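Q: I'd like to take a close look at one part of this model. Could you walk me through it step by step?

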Amino acid sequence: MTASLYERDFLLWTIDTATKLKTHDFAQLDLENLIEEIESLGRSQKKELKSRLLVLWEHLLKRLSVNSPDNYRGWETTINEQRRQLELEIEDSPSLKTIWDESFSAAWRIALKGVRKDYPQVTFPDTWIYSHDIDSMLDCDFWKE
């Protein structure tokens, strides 16, 4: 059995698929793989949101709970970078806002588990006491409150 273009050369498959879409050659489209790739794009964006939130959480938790002034600047830099990237992701795909709470909770749980393991001598909060809406998470320096 001959491998499909999708299996042989993904880049060429994307070029071919885009050409067929542009020329309305819908009958020749590899719909099965096109559908799979479109769905994969959505999953990838959700994963990116959760991943960025996880890193944001880890550094927020450390900045707020770990008494290590020598590390504050690095943690704040990472917090700010994750916030910028989250803002860009949401700007590009505003529908990510609809999964914010779910992603927020999942990332919190995983981040809390990680920082507790990394810093067993530190007491981290069981729940987030600050606002967790998008604007607050992207703008507030909670350690200054």
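Which residues of α2 are buried?

A: Happy to. Please keep in mind that this is a predicted model. In helix α2, the buried residues are Trp13, Thr17 and Lys20. Looking down the axis of α2, these buried residues fall within an arc of 65 degrees, so they line one face of the helix. The cover over the buried residues of α2 includes α1 (5-8) and α3 (31-65).

Now turn to the other side. The face of α2 that points away from its buried side carries Leu11 and Lys22, both exposed. Leu11 also belongs to a nonpolar surface patch of about 290 Å², which it makes together with Leu12 and Ile15. Of these, Leu12 is found in helix α2, and its relative accessible area of 42% makes it partly exposed, because that class lies between the 20% limit for buried and the 50% limit for exposed.

The length of the helix can be checked as well. Helix α2 covers residues 10-22, and at 1.5 Å a residue its 13 residues should span 18 Å. The C-alpha atoms at its ends are 18 Å apart, which agrees with that expectation. Just after α2 comes His24, which takes a positive phi of about 60 degrees.

So, to put the picture of α2 together: Trp13, Thr17 and Lys20 are buried, with α1 and α3 among the elements that cover them, while Leu11 and Lys22 are exposed on the face turned away.

Technical notes
Residues are numbered from 1 along each chain as its sequence is written. This is a predicted model: local features need pLDDT of at least 70, side-chain atom pairs count only at pLDDT 80 or more; totals for chains, interfaces and linings use all residues. Side-chain values use heavy atoms; hydrogens and water are left out. Helices (H or I, at least four residues) and strands (E, at least two) are DSSP runs, numbered from the N terminus. The expected span of a helix is 1.5 Å times one less than its number of residues. Buried means under 20% relative accessible area, exposed over 50%, partly exposed in between (1.4 Å probe, protein chains only). The arc is that of the directions from the helix axis to the C-beta atoms. Contact means heavy atoms within 4.5 Å. Patches are made of residues with over 30% relative accessible area and no salt bridge: like charges are joined within 9 Å, nonpolar side chains (Val, Leu, Ile, Met, Phe, Trp, Tyr) within 5 Å. Accessible areas come from the Shrake-Rupley method with a 1.4 Å probe; for residues, only the protein chains shown count as cover. A salt bridge is a side-chain nitrogen of Lys or Arg within 4 Å of a carboxyl oxygen of Asp or Glu.
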